[in-house]
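I opened the notebook to record what I looked up in this structure. The entries follow in the order in which I made them.

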Amino acid sequence: MAKHTMNANPLYTVSTLESQQPVQGHASVDNIFDTANQYGVSKLEKSIHKSFTLAIFAGAFIAIAFLFYITVTTGATDAPWGMVKLTGGLAFSLGLVLVVVCGGELFTSTVLTSIAWTQGLFSTKSLLNCWLRVYFGNLIGATLILSLVLLAKMPLLDGGNGV
C-alpha cells in the first residue's frame, strides 16, 4: 500500500502517517482503506438477484422516509421552524434505520466501491454494472412507493394540502 502523507498546516512538517502510532481504539489510515476495500469487494461479490432486490427495498424505504418527512412537516406553520426541521429529520432517519437494519443497498453507499476499484481489485465493467443495478433498483423501489401514494390519492388528503 502506498504511503499517505499529510500537510495540514504549512507551519508543521510533513509527516508520514504510517510512522505515527494509532491512538488506542482508533483505526489507522491503512486499516480504514483495507476495510473500505473489503466493503467494496463484498458489494460486488453479492449475487445480482440479491443486490437488485436489496436495492429495490432500500429505494422503497427511503421513499417511505420521505413520505413520513412530508407528512410530519406539512401544515406545521404554527410550530417553531427548528422544531419542524427536527421532527422531520427524525422522521426521515427512520427510513435510514430500515435500510441499515434490513441490509438495503443504497446507491450512495455503493459508490464507496470505487475505493476498491482504484486499487485494481475488479474491472470498470463490474463497477459500472454494480452501480447501475443498485441505482435502478433504488429507482424502482421509490417508484413503487410513489405509485402507491398516487393510487391511494394521498395528495388529496386534508383538502389537497396533504402529502
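What should the 17 residues of helix α1 span at 1.5 Å a residue, and how far apart are its end C-alpha atoms? The model is predicted, and I read every value below with that in mind. For α1, residues 29-45, I noted an expected span of 24 Å. The end C-alpha atoms are 24 Å apart, which agrees.

Entry on the sides of α1. I listed its buried residues as Ala36, Asn37, Gly40, Lys43 and Leu44. Looking down the helix axis, I found these buried residues within an arc of 125°, so they line one face of α1. The face turned away from that buried side carries Gln38 and Glu45, which are exposed. I then looked up what the buried residues of α1 pack against, and noted α4 (107-110), α5 (113-118) and α6 (124-151).

Entry on aromatic rings. I described each ring pair by the distance of the centres and the angle of the planes, because that is how such a pair is described. The structure holds 5 aromatic pairs. One of them joins Phe57 and Phe61, with 6.1 Å from centre to centre and 35° between the planes, and is tilted. I located both residues in helix α2 (residues 48-73), where they sit 4 residues apart, about one turn of the helix.

Are Phe57 and Phe61 buried or exposed? Phe57 has 47% relative accessibility and therefore counts as partly exposed. Phe61 has 13%, which is under the 20% cut-off, so Phe61 counts as buried.

I turned next to Tyr135 and Phe136, whose ring centres lie 5.5 Å apart. Their planes are at 85°, so I entered the pair as edge-to-face. Tyr135 is partly exposed, with a relative accessible area of 42%. Phe136 also counts as partly exposed, at 42% relative accessibility. Following the ring pairs, I found Phe107, Trp131, Tyr135 and Phe136 linked into a cluster.

Entry on the whole chain. I counted 6 helices and 2 strands in the protein chain. From the N terminus on, I wrote the order of elements as β-β-α-α-α-α-α-α. Of the 163 residues in the chain, 24% are buried. The protein chain exposes about 10,800 Å², and carbon and sulfur atoms supply 68% of that area. I also looked up contacts between residues at least 6 apart in sequence, and 67% of these join residues at least 24 apart.

Key. Residues numbered from 1 in each chain as written. Predicted model: local features only at pLDDT ≥ 70, side-chain atom pairs only at ≥ 80, totals over all residues. Heavy atoms only, no water. Expected span 1.5 Å × (residues − 1). Buried < 20%, exposed > 50% of the residue type's maximum accessible area, 1.4 Å probe, protein only. Arc of directions from axis to C-beta. Contact = heavy atoms within 4.5 Å. Phe/Tyr/Trp six-rings, centres within 6.5 Å; stacked < 30°, edge-to-face > 60°. Areas by Shrake-Rupley, 256 points an atom, 1.4 Å probe, with all protein chains shown as cover.
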